[in-house]
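Visitor: I should like to go through this model with you. Could we begin with the conventions and then turn to the chains?

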Amino acid sequence: MAKTGFSPKKLMSLLVASALLFTAVGGCGADGTQEPENSAGESGTGRTPVAALDKLEESRSAEPVEGGTLTISMDKAPTSLDPLRISGYNAYVVCQQLGDTLIIHDPEGKGEFLPNLATSWETSEDGLQWVFQLRDDVHFQKGEYQDGRLMTAEDVAYSFMRNKEHVNNTLGFVEKVEATGEFEVTFTLYQPTATLLYEITLPNFIIVPQEEVEGWGDEFGAHVISTGAFQLESHEIDQQTTMVRNENYWGNRPYLDKVVFKVIQDANQRLNALITGEIDLALSLSSDSLQQVLDDPNLDLVSLNKVQMNTIAFSYENGPTTDLRVRQALSMATDRQALIDAAFADGTAEYTKIPLPQNSWAYDESLQDLVPDYDPEAARQLLAEAGYPDGFEITLSYAASVERDRIGVVLQQLWKENLNVDVILDATETATYNDKVHSGNGELYLGGITASSTDPAFSLGYSFDSSKAHASYNPGPYINEAWDALNLEALAITDQAERTEIYHQLLEMAMEDCPGIWFADQYPCWGVRKGVHMTDFDNWFLICNGETYNAWKEP
Amino acid sequence: MLRLVWKRLLQLIPTMLIVVSITFVITRVIPGDPVSVLAGPEADPQVIAELQASLGLDKSIPEQFVMYVSDICRGDFGTSLNYNEPVFSLILDRIPKTLLITFTGLIIALVGGIVLGTVSALRQNSIIDHLCTFFALLGASMPVFWIAIMSIFVFSVQLGLLPVMGMGSLDQGIGDVASHMLLPCLCLALAPMATFTRTTRSSMLDTINNDYIRALRARGVKERRIIWKHAFKNALPPIISILGVQLGISFSGAIMTENIFSWPGMGTLISTAINTRDYALVQGAILTLAVVNVVISLLMDILYMLIQPKVKI
């Protein structure tokens, strides 16, 4: 029997109580679900795109130090690093460090391009031929099948044509790429295309030597050799990718000895590893983690000059949204600001009503007037006219995430209150959601696309393109031949002012039909440990590239 | 004995066939297919159709099943679409890493459970006994992912003692890998340790109250000798059979734990395979787990026979 003064029962309840306390205290610290407090007035750790520029200034003024390892987390492992096979942001970021593209984006996102492997380029009168002059001092990294030989125009032609023959090729408008001199390549196009320059800044088009590709065969994806500032040391899938300084790099000598990309699948764990210093930079943090990054004195939050457009797309195939008046009513019954407040950390998303990102060079504030404001009264009337005075039931499909769950709940409340419309939330994991989009089985699709450039061709231009029907760009799908024709026209012109004009017409045309509800331009944010100095946080994240970019880390 | 082994190994064949058929059907029935994951949500439908054809996924499902089974019979588990590597070599690479944490975790659980269980049996109804009972209740009822998150929060983030994730590298010494292993192993150990504690306690109580123990005590045999030599040996069989069950369970527990700690074993492999709808890999991995489970239960039966020769199977 117990010989102690108090009964086992008492002891038990004491222990249970303390365990519960532990849960409560630990619980809210670890997943940080508390709503961000009023932090609008908080100091300049920054959470708008401006932060990227502040960072730029700061790193220019500090004195760089050579050495060190930069460790970066990502949520998924790129399974192959072969530029032919890469897809998804992680693979792009990794691949971009290993090789160089012919040209790169300007850091400010003005839609201009800077020389990289190519020193200059010009186009023929009819826009069908583009001639690039190449640097004559670029060598490949030393590999198994070649000894760091000079890169020539033949290699550039080989790399592009290899891509063109692949099923995923994005160069459908290019007829051929050929070497027209030792250091001169010529692109021949089927039709003039304004986005050619953007396309070739993608990491899919880093230059690779034929000997290595053919030597490694199927294993090239784990042994990529290219021209970049860092050379691949090891690629352990689901663990980490390690790269070391390329001593023979043609551009800046990289300050960093090593760059390591670690795979951390769990979002909370990415934040934990950043807090403990196991990583220096965390990609793709959840919006709940962002406030914790802001509060930590050792961490900075940096947002990219890149917009993710958040949309609720209407189905043109199923349910009541096939009626224009219903679509308009639902749009008018949606308080977009309420959705933003519920889902995104302060300052990481901007209010919008249109599918043209606010950092695009074609953006104009007045375009927002193309979509009517929040007006529940008018919405109710419109819905009654459409034959639904008592509302209806509709399913909202999305790939589950904390942010989208909250958006779904707020939407349920708003539409129930304003229109007596019942929203059924259909949250599934990504593969199932993709399947729904591809097969056109949903009624409302909550999702979004990332505008990979400030060029509207990659945001607005994709959103209503009938060739993107049933892809996440255009799930509805909105199909309009006149729109497609005008969109093609915009691609064939190179003058920015003229193109802007056409994109405004395209936007007006699409908005008349109300194909969806655009509600937030979201800026993806990265957590960075203090003491890490990037030259810039651009669209693509360049650690060391050419003569412009060179990151370093305080010891 | 040999006959038993042969019989069990023969039984593997129908087991494998059933497992293969069930996983084949389940992977095909759930929505989503590997191609739409591979090509990404932004891919054009035309690209998707081309990819589907190139992977043979446009064939009818019975056709695909016949192809898959005949491949397996020839020892070919197929190629993972996501990793672009043979399924068999992927699994061979991952299994040792999972075994490393599951076995270490189980050894911790077994040793800890036996000690705690014996102590609480000997001091029945004392405060130590109640603490152990409470611990067993806690360990059995706390989900493994919760323990993992809490232990990371306390030991890594707050105290900064242990790494948050990953496996470390042998290049940096065995200590690096050991420190990375500690938290996942403890998380995996907690639930089975609770079970072992409870089992040891009740089994020990049963034996201790037997007449022959009383007789030994009366003869003045040392208490320590009575406990470990006589009582413990007789209390062992139930613990062994629980061990077999726990081995199988800790494999599935590893899926959760590995994902939280980014441990590159079978668990992360399976969850990635499921998320990417990597059919061949899901099937191969599940089949491997099934085989491992059958082999474990066979080994347990043999062990059982060795400890208690009167048991004939």
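Guide: Helices are DSSP runs of H or I with at least four residues, strands are DSSP runs of E with at least two, and both are numbered from the N terminus. The model is predicted: local features need pLDDT of at least 70, side-chain atom pairs count only at pLDDT 80 or more, and totals for chains, interfaces and linings use all residues. Residues are numbered from 1 along each chain as its sequence is written, while chains are lettered from A and ligands numbered from 1 in the order in which they are written.

Visitor: In what order do the elements of chain B run from the N terminus on?

Guide: They run α-α-α-α-α-α-α-α-α-α-α-α. Chain B thus comes to twelve helices and zero strands.

Visitor: And how many helices and strands are there in chain A?

Guide: Chain A has 16 helices and 23 strands.

Visitor: What percentage of each chain is buried?

Guide: A residue is buried if 20 or more other C-beta atoms, placed from the backbone, lie within 10 Å of its own, exposed if 12 or fewer do, and partly exposed in between. Buried residues make up 48% of the 555 residues in chain A and 38% of the 313 residues in chain B.

Visitor: Which domains does the assignment give for chain B?

Guide: Domain 1 covers 2–73 and domain 2 covers 93–312; such bounds come from an automatic or database domain assignment. Taken over C-alpha atoms, the centres of domain 1 and domain 2 of chain B are separated by 33 Å.

Visitor: How many residues does each domain of chain B give to the contact?

Guide: Domain 1 of chain B gives 14 residues and domain 2 of chain B gives twelve, where contact requires C-beta atoms, placed from the backbone, within 7 Å. On the domain 1 side, helix 1 (2–29) and helix 2 of chain B each give two or more residues. Helix 1 of chain B has the largest share, ten residues.

Visitor: Turning to the chain interface, how many residues come from each chain?

Guide: The contact takes 45 residues from chain B and 48 residues from chain A. Several helices of chain B supply at least two residues each, including helix 6 (127–141) and helix 7 (144–158). The chain B side has 23 nonpolar, 17 polar and five charged residues. Nonpolar here covers Ala, Val, Leu, Ile, Met, Phe, Trp, Tyr, Cys and Pro, charged covers Asp, Glu, Lys and Arg, and the others, Gly among them, are polar.

Visitor: Is helix 9 of chain B buried or in the open?

Guide: Helix 9 of chain B lies largely in the open, because the number buried among its eight residues is zero. B:Gly220, which follows helix 9 of chain B, has a positive phi near 85 degrees.

Visitor: At what angle do the axes of helix 9 and helix 10 of chain B cross?

Guide: The axes of helix 9 (residues 211–218) and helix 10 (residues 223–261) of chain B cross at roughly 150 degrees and come within 11 Å. Helix 9 of chain B is therefore roughly antiparallel to helix 10 of chain B. Axes are lines fitted to C-alpha atoms, for helices over the stretch in contact, with angles from 0 to 180 degrees between N-to-C directions; under 35 degrees counts as roughly parallel, over 145 as roughly antiparallel, 65 to 115 as roughly perpendicular and the rest as oblique.

Visitor: Which residues make that contact?

Guide: Helix 9 of chain B contributes B:Ile213, B:Leu216 and B:Arg217, and helix 10 of chain B contributes B:Ile226, B:His230 and B:Ala231. These divide into four nonpolar, one polar and one charged.

Technical notes: Two residues are in contact if their C-beta atoms, placed from the backbone, lie within 7 Å.
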